[in-house]
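User: Could you take a close look at a single part of this one and walk me through how it sits among its neighbours? A connected story would suit me better than a list.

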Amino acid sequence: MKILGREPALLLGLVASAVQLLSATLLPLTIEQQGVLNAVAVAVVGIVTAAAVSSERAAAAVVGLAQAVLACALAFGWAATPEVQGAVMAFVSAVASAWV
């Protein structure tokens with residue numbers, strides 16, 4: 001499967017190098033922040049791939065993407081309690097289940 005005419009691994013490499021370049025030149029990102037940005041990119045590619053293969057399997061990818069975005073928000077300073085994090089993930093899981 002190709003995304004924008006390219007293999008997903010190539011696009012993920014491009015995203016990783018762009019995050020590193022931005023961190024070195026413009027944004028003072030920590031290693032953790034760089035990692036979660038790359039994880040979100042992987043989750044996005046995963047959901048696109050899952051949706052292309054089977055819409056029934058895309059629900060799990062949606063939940064995975066939500067987890068990656070939540071981790072990204074926490075890494076960038078969102079101060080959510082574990083209860084709020086759990087509520088967000090429960091809602092996302094319910095929406096993903098209803099979608100399929």
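Analyst: Let's start where H1 passes H2, in a right-handed crossing (the near helix is turned clockwise from the far one by less than a right angle; anticlockwise would be left-handed). Keep in mind that this is a predicted model, with local features needing pLDDT of at least 70 and side-chain atom pairs 80 or more, while totals for chains, interfaces and linings use all residues. Residues are numbered from 1 along each chain as its sequence is written, and side-chain values use heavy atoms, without hydrogens or water.

H2 is the part I'd zoom in on. Helices here are DSSP runs of H or I, at least four residues, numbered from the N terminus. H2 has 23 residues and reaches 33 Å from first C-alpha to last, close to the 33 Å expected at 1.5 Å a residue (1.5 Å times one less than the residue count).

On one side, H1 (residues 8–25) and H2 (residues 31–53) pack at about 155 degrees, axes 10 Å apart. That makes H1 roughly antiparallel to H2 (over 145 degrees; under 35 is roughly parallel, 65 to 115 roughly perpendicular, the rest oblique). The axes are lines fitted to C-alpha atoms over the stretch in contact, and the angles run from 0 to 180 degrees between N-to-C directions. Among the residues meeting here are Leu12, Val15 and Val19 in H1, and Leu37, Ala41 and Val45 in H2, with contact meaning heavy atoms within 4.5 Å.

Now the other partner. H2 and H3 pack at about 165 degrees, axes 9 Å apart. That makes H2 roughly antiparallel to H3 as well, but H2 passes H3 in a left-handed crossing. By class, this contact has 18 nonpolar, three polar and one charged residues (Ala, Val, Leu, Ile, Met, Phe, Trp, Tyr, Cys and Pro are nonpolar; Asp, Glu, Lys and Arg charged; the others, Gly among them, polar). The H2 side includes Val36, Val40, Ala43 and Ile47, and the H3 side includes Leu65, Ala68 and Cys72.

So what's tucked away in H2? Gln33, Val36, Val40, Ala41 and Val45 are among its buried residues, and the buried set packs against H1 and H3. Isoleucine 31 is found in H2 too, but isoleucine 31 is exposed, at 69% relative accessible area (buried is under 20%, exposed over 50%, partly exposed in between, with a 1.4 Å probe and protein chains only). Its C-alpha lies 20 Å from that of leucine 65, 34 residues apart along the chain. Leu65 is among the buried residues of H3.

Methods: Helices (H or I, at least four residues) and strands (E, at least two) are DSSP runs, numbered from the N terminus.
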